[in-house]
Amino acid sequence: MANVLIVDDEKSIRTTLAEFVKEDGHSVRTAENAPDALALLAEASADVVVTDIVLPRMDGMALLRKIHEESPETQVVVITGEPTVDTAAEAVRQGAFDYLAKPITGADIRAVVASAVRVKRMADDRRRLEEENLRYRLHLEDEVTRTAGELRASEARYRAVVEHAAEAIFIAQDGVLPFVNAAATAISGYSADDLRTRPFAELLYPDDRASVLDAYARQLGGGEAPELDELRMVRADGKVRWLRLRSVSINWEGRPALLNVARDVTERKVAEDRERLRRERTHAADAALLQLAMLPSLASGDLRATLQAIAETVADTIEVERVEVWLNPDGGGEVECAELFERTPRRHSSGRKPSLTVHPQYSAALRAERSIVADDARRDPRTAEFNESYFIPLGVGALIDVAVRVGGEVVGTFSVEHVGGPRAWSDEAVSFVNGVAGLVAVAVESAKRHETEQALKQSEAEYRALFEDSPASVLVEDFSGVKRRLDNLRERGVVDLEAYLDEHPEIVDDCIGAIRVVDANEAAVRLHRAASKADFIDRVGEDFPAAAKIGFRARLLAIWRGERVFETMTVDSTLDGSPLHTAIRWSIPPGHEARLDRVLLAKTDVTSVVEGEQRLRRTLDGVIEAIGRATESRDPYTAGHQRLVTDLAVAIAGELRLPLDVVDGIRAAGLLHDVGKLAIPAEILSKPSALSHMEMELMKAHPQAGYEILRTVDFPWPISQIVLEHHERLDGSGYPQGLRGEAIRIEARVLAVADVVEAMASHRPYRPALGIEAALAEVVQGRGTAYDADIVDACVRLFREGRFAFAIEPR
């Protein structure tokens, strides 16, 4: 069957759901959080993932996005304890197959998994068809090449191959076909004599005739001709067949002709047309579903307007005559037609009230199966009891009925009805109708909630819902004390707050102490591992990590500049002292800009992401260091050269205030800049005398060799390009490319200066160390010509002012 992964932090729920799904023979794995789920998916893919929205460390929506990035065809079903319009719409936008509201019955989970598996199988079939088409095209092209080669190589082999080939092979010349093989007669339905005497144009489909003849004439004339790939022909029996064609110019009995190899691809074209139509239907259904999910009336709770829009959209999208919504909001036996849309007259109506108890087989099947798909409604035992009272009078021949569930309870039915004979419903139509039924449930729920919310003040209700139910950690803080302190500094004449904070760092601590936490949602309480909201509010300011103060300082500068929104990454901690990396968004609600007595602070836990990046960076640094040491191990006279060059280059970059990511790139490239010397013979590297011209040319190849070694490695920085350019010079006198000026990367220009200074200051096999002064004199002499003037100046300042010295004395 299918591979299913169930993700829920409550063991009892995921165990129960797993047992339900296993009843249908599916293979089931479980995970209690998103990272564990992703780890399981990395080991083995899943056809269907069922995940709770509320999960520790990474919520279900984030997991949904991550799964679709890695495996777009995996179907994801979202579970929520309290379904809302927002969660449903978000689930649809993020590509969820369906969502279920707790509590979940065995029938619910089995039905939705079965539907998801069907959709996944369709996706697998579509991908397999595309792969088969590709293999077929490649095979056909190989066959054309092989056949043409054999034809030219040997007349005898040509005859044998052509006469027994599965492809139709024929020669076109002077408007007729002087030669055809047996396969050509089989495909066309004409005899060989008919094909040789009948004008070639008569065999072509009328719409293709002019373009094919034009292409043939141009090809025979030796001009540039449009490529003939696929064309249609008319058989002797009048049927149209698609041919995939390859043509080459030849000489036939002393005159120009075209040798053609053709294969009947009609079945593939039909399959492609079916797949194209299926994709078009799927795209239309997805677009319609997204459009419905964004209906303003859905969010506002206007049930009548929402149901009318849904009915019209569904009827037009899958081309059915009747769309109905039956609701039983009180849970009794009586239901009411809340919406009936008839497509031909474009008419809406409502109000009919039949009883479900009159149709027990239908009612039982709908509750057990969640949906009823009847291709032949009058013969289907689940729906046949409607024949006399409903189907025959109205002409209904097929239907799809889906139970509308709110809070796990069936509150109605969403029905689409085809008027006429039986209809084979496509999987796309069934999936679409099921998705729309979910939106109907959301619309019913939204309408109920809207009625309740009318008794409250609308703005407060919306705010509390957003605040308390948000999966993000949100705090309401009073910054009025901070605002007063900053206003006081401004009154005292402070203009440059950043410089003032440098001189008076205690101001930051004072402002931190002035913050008052007014409120926090449950997500914030959980994020900081507090016992309760009161415990969190009382203790949240007890420990403010030093790293967090840097981010808070930036926030003070944003307030000073009058910004209303501030976003950054910072280091926080839980109340038990555990480190916590968070992404924060600090904003001022409208009406509180003057006093800052209310500000919102939203926090997102990114600890796992930051720690993962740190581990990856440490691993990368270790690999770079190891490669650098391997390079130096081949040349004992320059051992430590790359590290010393790196130290100086990083110091120069810091002096120039280059961005941190550029500095990191210089550090990595410095440790690897001579990796190309792995390709230079060791006897040249350690030769105790001057190099010959040939040896020098070999030595000059090491930047290109380093580039070739590193270019396939996906570093976060352009390492291979920096290594390639580190011996280039501003005046074009460098190598290997002779680049000039700004065409040389800034990182390579920095390394060039550092490389020259360290090399001259160090001992070499062919000369003693020249010393720092000689090295600095060299780069100063080339300042502005060979070397970047700013970089030379920065290097000289570092040494002259005593702010840099090589950690290991150059040898």
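pLDDT is the predictor's confidence in each residue, from 0 to 100, and it is a sensible first colouring for this tour. The model is predicted, so local features are described where pLDDT is at least 70 and side-chain atom pairs count only at pLDDT 80 or more, whereas totals for chains, interfaces and linings use all residues. Residues are numbered from 1 along each chain as its sequence is written, and side-chain values use heavy atoms, with hydrogens and water left out.

Coloured in this way, the protein averages a pLDDT of 84, and 87% of the residues score at least 70. Select helix H16 (residues 458–469), which has the lowest mean pLDDT among the elements, at 62, and then helix H32 (residues 789–800), which has the highest, at 95. Helices (H or I, at least four residues) and strands (E, at least two) are DSSP runs, numbered from the N terminus.

**Around helix H32**

Stay with helix H32 and show arginine 800 together with glutamate 773: the two form a salt bridge, and their closest N and O atoms are 3.1 Å apart. Glutamate 773 belongs to helix H31 (residues 772–781) and arginine 800 to helix H32, so this pair ties together parts that are 27 residues apart in sequence. The term salt bridge stands here for a side-chain nitrogen of Lys or Arg within 4 Å of a carboxyl oxygen of Asp or Glu.

Next, select aspartate 793 and arginine 783, whose side chains meet in a salt bridge at 2.8 Å, N to O. This pair links distant parts of the chain, with aspartate 793 in helix H32 and arginine 783 in the loop between H31 and H32, 10 residues apart. Aspartate 793 is partly exposed, with a relative accessible area of 26%, and arginine 783 is also classed as partly exposed, at 40%. On this scale buried means under 20% relative accessible area, exposed over 50%, and partly exposed in between (1.4 Å probe, protein chains only).

Then move to arginine 803 and glutamate 801, where a further salt bridge joins the side chains at 2.8 Å, N to O. Arginine 803 counts as partly exposed at 43% relative accessibility, as does glutamate 801 at 49%.

**A network of charges**

For a wider selection, take Asp47, Glu73, Lys120, Arg121, Asp124 and Arg127, which are linked in a network of salt bridges. Over the structure as a whole, 66 salt bridges are found.

**Backbone stops**

Turn now to the backbone and select lysine 102 and proline 103, between which the peptide bond is cis, with omega near 0 degrees. Proline 103 sits in the loop between strand E5 (98–101) and helix H5 (106–153). Another cis peptide bond runs from tyrosine 735 to proline 736, with omega near 10 degrees, and proline 736 lies in the loop between helix H29 (719–725) and helix H30 (746–761).

After these, select aspartate 174, which is not a glycine and yet has a positive phi of about 55 degrees. Its place is the loop between strand E6 (168–173) and strand E7 (176–180), and at 61% relative accessibility aspartate 174 counts as exposed. Arginine 529 likewise has a positive phi, near 55 degrees, in a residue other than glycine; arginine 529 is found in the loop between helix H20 (522–527) and helix H21 (533–539) and is exposed, with a relative accessible area of 52%.

**Last stop**

Finish with aspartate 36 in helix H2 (residues 34–43), which counts as partly exposed at 34% relative accessibility.
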